[in-house]
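Reader: Could you take me through one part of this model up close? I'd like to hear about a single residue and what lies around it.

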Amino acid sequence: MDRAQKAKVVEELGQIFESSGVVVVAHYEGMTVAQMQDLRAKMREVGGSVRVAKNTLAKIALEGKPCESMAKLLTGMTVLAYSEDPVAAAKVADAYAKTNDKFAILGGAMGKDALDPAGVKAVAAMPSREELIAQVVSCIGAPASNIAGAIGAPASNIAGILKTLEEREAA
């Protein structure tokens, strides 16, 4: 790799560190190409990505970034899993680590906060952005459906009473 290519990689990594909601660092030594492709596919499904980069270039890209403390995790064969959603990459990485013993989570960063492996697990246990939006919408929609039910209930009660009266008169 020449200087220009290295500078481009450092710039790309800098963008990843700045714009991602969460970055998870993991060792992947011993994983097959098929396993890595599987991890990439699972990460793509949730809107995340996986990136393998030289540790020295990643450390240079981290300089001056809010998550600079993550640089100490970059030793050995490391892979970066990241997503804009602050939970998605952590969820996929945690689930993948449970099924593949060659994928070991070292930690990561969420904004300016560095995460240890337990921190990544804690983030993975949180609901995703879509789940939170669904919960908020259901909370907002519940009162409206209750009001609609309350407004419609008297009409159905009146209809039931009228039907009962008609049946009595017919009998």
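Author: Here's a walk from one threonine out to the sheet and the cores. This is a predicted model, so to speak of local features we need pLDDT of at least 70, side-chain atom pairs count only at pLDDT 80 or more, and totals for chains, interfaces and linings use all residues. Residues are numbered from 1 along each chain as its sequence is written, and side-chain values use heavy atoms, with hydrogens and water left out.

Threonine 78 sits in strand 3 (residues 78–83); strands (E, at least two residues) and helices (H or I, at least four) are DSSP runs, numbered from the N terminus. Threonine 78 is buried, at 4% relative accessible area, where buried means under 20% (1.4 Å probe, protein chains only). Its side chain makes a polar contact of 2.5 Å with that of asparagine 55; the term covers N or O atom pairs within 3.5 Å, one able to donate a hydrogen and the other to accept it, and residues adjacent in sequence count only if both atoms are side-chain atoms. Beyond four places in sequence, threonine 78 also touches residues including Val25, His27, Val52 and Leu106 (contact means heavy atoms within 4.5 Å).

Now the sheet: five strands, open, in the order 2-3-1-4-5, with antiparallel pairing (a pair needs at least two DSSP bridges). Strand 2 (48–51) and strand 5 (113–115) are at the edges with a single partner each, so one side of each has no neighbour in the sheet. Strand 1 and strand 4 (residues 104–110) are joined by five bridges, and valine 24 has glycine 108 as its bridge partner in strand 4.

Methods. Buried < 20%, exposed > 50% of the residue type's maximum accessible area, 1.4 Å probe, protein only.
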